[in-house]
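Open your viewer and get ready to click along. At each stop you will be told what to select and what to look for there.

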Amino acid sequence: MKRLIPILIVCLILTVVPALGQETVSLRVMSWSVEQADFYELVVAEFEAENPGIDVTWETLEQSAYREALPLMFQSDDAPDIFFWIGANRVLTVNELLGQGWIAPVAPEGTDLTEWLTRWPEGSFVEGINLVDGVPYSFPFNDNLIWGPGYMYMNTTVFADAGLDVNDPPQTWTELLETCRTIVETTGVYCLSVPLTGNQFQRTWYALAGTAMTDQFFDYQSGRFAIDDPRLLATFDYIQTFFEEELAVPGFNDQTFARAAIANGQAAIYMDGAWMPSVFRTSFEFNDFAVAPTPYPDEGRTGSMAQTMSENKFFVSSQTEHPEEAWLFIEFMTRPDGIFAQEYLRQSFGTLAYADNGALIEDPVFQDLIEIAATGVRVMYPEPALACPDVAQSQAYINAENIRRNWEFEEMSLALSEGREFAEVAADIAAQKNAMFQETLEAEAAEGLDISVDCYTFADWNPLENFDISSLIDQ
Amino acid sequence: MTQIGLNRSTAVGVKSPRRRTRRKEIPYSQRVQGRNFLWVYAFLAPFLVLYIGFTLWPLLATVIYSFFDWNGSTPLTDFVGLENYITIARDQSFWLSFWNTLVFAALNTAIKLPLSLFIAILLTRRWMWFKRIFRTVFFAPLVIPVAMAGLIFTFLMNPAFGAINDAVEQFGLVERPINFLGADLALLSLTLVSVWQIFGQYMIYWMAALQNVPEELYEAASIDGATEWQKLVHVTIPIIRPVAIIILFLSFVNALKVFGLVVAMTGGGPGQTTYVVSYFIYSQAFQSLPFRYGYASAAAVLFGITVLIAVSMQGIFVRRASGEGGSGS
């Protein structure tokens with residue numbers, strides 16, 4: 001026994017002393033992509049192996065629950081160290097979150113970021129968008145060309161049953177209408193699956209409106225809210241034709257139902273974003289689909305979807321007690337050839353702004369998405385905050401939106417569901433929003449902000465071409 | 001028509017007609033003293049702490065927030081007085097959702113209570129078979145989560161693939177599928193799904209109330225030749241009236257809080273046809289930045305006052321029905 005005691009003491013010392021000297025830091029990361037949980041575990045395991053003193057937990061919550069939970073976490077001083085967020089104004093998310101007091105710089109003061117900043121294409125870090133006084137508060141996560149709405153997904157079997165080939169998809173609005181008539185006549189299956197609940201009509205709307213004019217409700221050529229624009233009204237009328245001719249799945253359905261309809265072979269076509277390949281496969285076990293560019297008006301494409309600086313989505317919390325470790329994790333996940341980029345792209349969760357998407361993506365459907373994106377469906381839009389820095393402090397756009405959230409989508413869904421006219425309602429929406437927009441701008445200008453409707457007006461911009469953002473940055 | 005030999009005073013007379021007693025003074029010797037006094041508060045403390053923390057404080061905080069322009073996380077500094085209330089008074093979406101909520105609650109109560117009473121009466125009859133099975137069947141929807149119920153009915157009610165439309169079409173009741181979640185029917189559909197889910201609970205309330213009706217009264221009524229309807233009107237309802245009023249208000253106030261079904265089935269649409277106050281508050285507080293907690297709090301306070309009025313009326317009506325309020329006795 002006497003011999004045993006010293007041995008036990010030595011063992012105790014050997015166990016306790018190193019543990020005391022090497023305190024483990026716990027890092028919490030949160031996001032809402034529940035389907036990516038296994039991928040996050042893999043990433044975390046690799047990071048922990050490389051950084052033995054850091055214990056990372058990556059939590060996910062379903063999107064709507066996440067949007068409710070995160071504010072409450074901040075209120076109760078229990079926020080994660082790193083979190084994912086998309087603001088109401090996607091481009092100005094950093095400003096919104098700074099206003100909320102939620103975020104801190106991505107790296108502690110004094111960190112040399114020279115190499116890190118070169119991981120993105122030139123012009124990716126812009127004052128007012130993701131830099132504040134030259135300090136990065138976020139970084140472009142997904143690329144803004146491929147990633148986004150505006151793709152047409154087709155059920156291969158339904159197309160084959162109708163004697164159609166998904167490799168020869170409809171290209172114009174009339175061709176799409178004809179294709180749908182053929183599908184319904186020959187198979188009895190509905191053609192278009194359109195979600196209408198809440199703001200989910202955006203899934204279809206962005207795709208089609210983006211070929212006629214814009215996927216925004218704001219016209220940067222005239223500097224006004226423009227749901228009453230003839231091009232957008234024509235888009236609405238076109239979509240309504242599918243409901244009138246019973247080519248679209250009837251009912252007031254949500255996006256889960258709409259996606260299930262194409263996955264179950266009850267519909268042939270569904271329009272949505274670049275995230276659908278992973279959603280179809282993981283949520284619906286549906287692989288029998290192909291993707292094509294969204295058909296454009298018969299006279300040719302007259303507009304484009306917005307390629308904005310909107311992909312700043314990961315942030316370091318202002319409440320973190322471990323900014324060094326949070327930075328280490330961000331540096332790790334943004335390595336262009338690191339495990340995060342490789343697995344994220346291999347598993348087709350999306351495209352990344354800091355990686356070679358074409359080289360790392362193996363999924364043929366995603367390769368198709370890359371090809372489609374390269375045809376110019378999305379162009380760089382003007383950015384008012386770059387033309388007038390005071391736009392970042394302005395409430396004009398937000399006040400106009402706040403008259404009624406999702407106003408356009410709710411009224412369009414109502415009109416589609418009930419077969420009603422929309423033009424008159426559209427004129428009323430545009431009038432009220434523009435009045436509020438102007439009124440707030442004038443009030444803010446009177447209070448000293450250097451701002452006017454001119455900050456939002458780019459009359460010479462051709463919406464089929466990239467706006468020269470550098471011309472604003474240089475100013 | 002045979003008149004049964006029971007008048008209202010006889011029916012109610014099961015209880016003593018006037019029981020207005022003067023509250024007695026508790027003798028000093030029976031009052032809690034010394035250590036016992038501490039024990040009383042020691043046992044009360046956990047409840048009081050929870051009540052203050054999770055009921056009183058949130059209520060008070062909501063009232064305070066309603067006077068601020070607040071996004072939920074920055075310091076509470078931007079006092080705006082009654083501005084939130086003034087804006088709400090002009091907000092058409094709020095008043096629409098307020099009206100929809102009242103319609104939903106009234107419809108829900110009007111359908112649910114008679115239906116659940118009818119089923120409860122059937123299930124308390126001696127001649128009824130398989131009572132326990134029916135009770136379980138009617139109660140079962142209550143244990144299904146609201147979100148799940150909403151999802152199920154979204155599929156059942158779909159005009160293209162829904163089983164309900166299939167059934168009514170096959171029976172030749174309609175020529176074209178019914179758009180249950182269209183603008184004209186969405187609020188009614190929500191109401192019916194809500195009734196389906198909750199009416200088992202009210203059936204249990206009614207069954208508990210019906211047990212207060214002495215069987216001898218039914219026997220006496222039967223001897224007098226009363227029909228089942230006459231027994232219901234002249235025996236059952238007068239006796240269960242005070243409890244019925246409590247159930248009525250309970251049902252109405254609970255229905256005012258509708259939220260989950262709206263989120264799961266319609267998201268407030270089409271347009272805003274199924275916007276209810278809870279959904280309005282939720283959309284203002286949570287749906288996108290910048291959060292409008294102050295504004296949402298003002299809406300919650302206004303709505304809370306409505307519920308408070310409804311609850312207060314309950315007391316008045318119950319006292320009247322019990323005969324303690326004056327004219328009823």
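**Stop 1: a sheet in chain A**

Select strand β1 (residues 25–31) and strand β3 (residues 82–84) of chain A: they run parallel and are joined by 2 bridges. Strands here are DSSP runs of E with at least two residues, and helices are runs of H or I with at least four, numbered from the N terminus. This is a predicted model, in which local features need pLDDT of at least 70 and side-chain atom pairs count only at pLDDT 80 or more, while totals for chains, interfaces and linings use all residues. Residues are numbered from 1 along each chain as its sequence is written, and chains are lettered from A and ligands numbered from 1 in the order in which they are written.

Now click V29(A), and you will find I82(A) of β3(A) standing opposite. Widen the selection to the open sheet of 5 strands in chain A, with the order β2-β1-β3-β14-β4 and mixed pairing. Two strands count as paired if DSSP finds at least two bridges between them. Which strands stand at the edges? They are β2 (54–60) and β4 (103–104) of chain A, each with a single partner strand, so one side of each has no neighbour in the sheet.

Add helix α12 (residues 323–333) of chain A, which lies across β1, β2, β3, β4 and β14 (314–317) of chain A, at about 55° to β1(A). That angle, on a scale from 0 to 180 degrees, is taken between N-to-C directions of lines fitted to C-alpha atoms, for helices over the stretch in contact.

**Stop 2: two domains**

Colour chain A by domain: domain 1 is 22–144 + 309–334, and domain 2 is 145–307 + 377–475. These bounds come from an automatic or database domain assignment. The C-alpha centres of the two domains of chain A lie 29 Å apart. Where they meet, 15 residues of domain 1 of chain A are in contact with 18 residues of domain 2 of chain A; contact means that C-beta atoms, placed from the backbone, lie within 7 Å.

**Stop 3: the cores**

Next, select Y153(A), C191(A), A267(A) and A299(B), the residues with the most contacts inside the largest nonpolar core, which has 185 residues. Such a core is a set of buried Ala, Val, Leu, Ile, Met, Phe, Trp, Tyr and Cys residues joined through C-beta atoms within 7 Å. Buried means 20 or more other C-beta atoms within 10 Å of a residue's own, exposed means 12 or fewer, and partly exposed is in between. Helix α13 (residues 293–322) of chain B gives the most to this core, with 7 residues. Both domains of chain A give residues to this core, so it lies between them.

Zoom in on A267(A): among the residues it touches, not counting those up to four places away in sequence, are V189(A), V249(A) and I262(A). A second, separate core of 20 residues includes L113(B), A120(B), F199(B) and I239(B).

**Stop 4: where the chains meet**

Show both chains: 29 residues of chain B are in contact with 33 residues of chain A.

**Stop 5: three loops**

In chain B, find the loop between α11 (260–265) and α12 (277–286), home to P270(B). A cis peptide bond joins G269(B) and P270(B), with omega about -5°.

Is N406(A) buried or exposed? N406(A) is buried, with 22 other C-beta atoms within 10 Å. Look for N406(A) in the loop between α17 (396–402) and α18 (407–418) of chain A.

Finish at F130(B), in the loop between α4 (92–123) and α5 (131–139) of chain B. F130(B) is exposed, with 10 other C-beta atoms within 10 Å, and has a positive phi of about 50° although it is not a glycine.

Terms used:
Contact = placed C-beta atoms within 7 Å.
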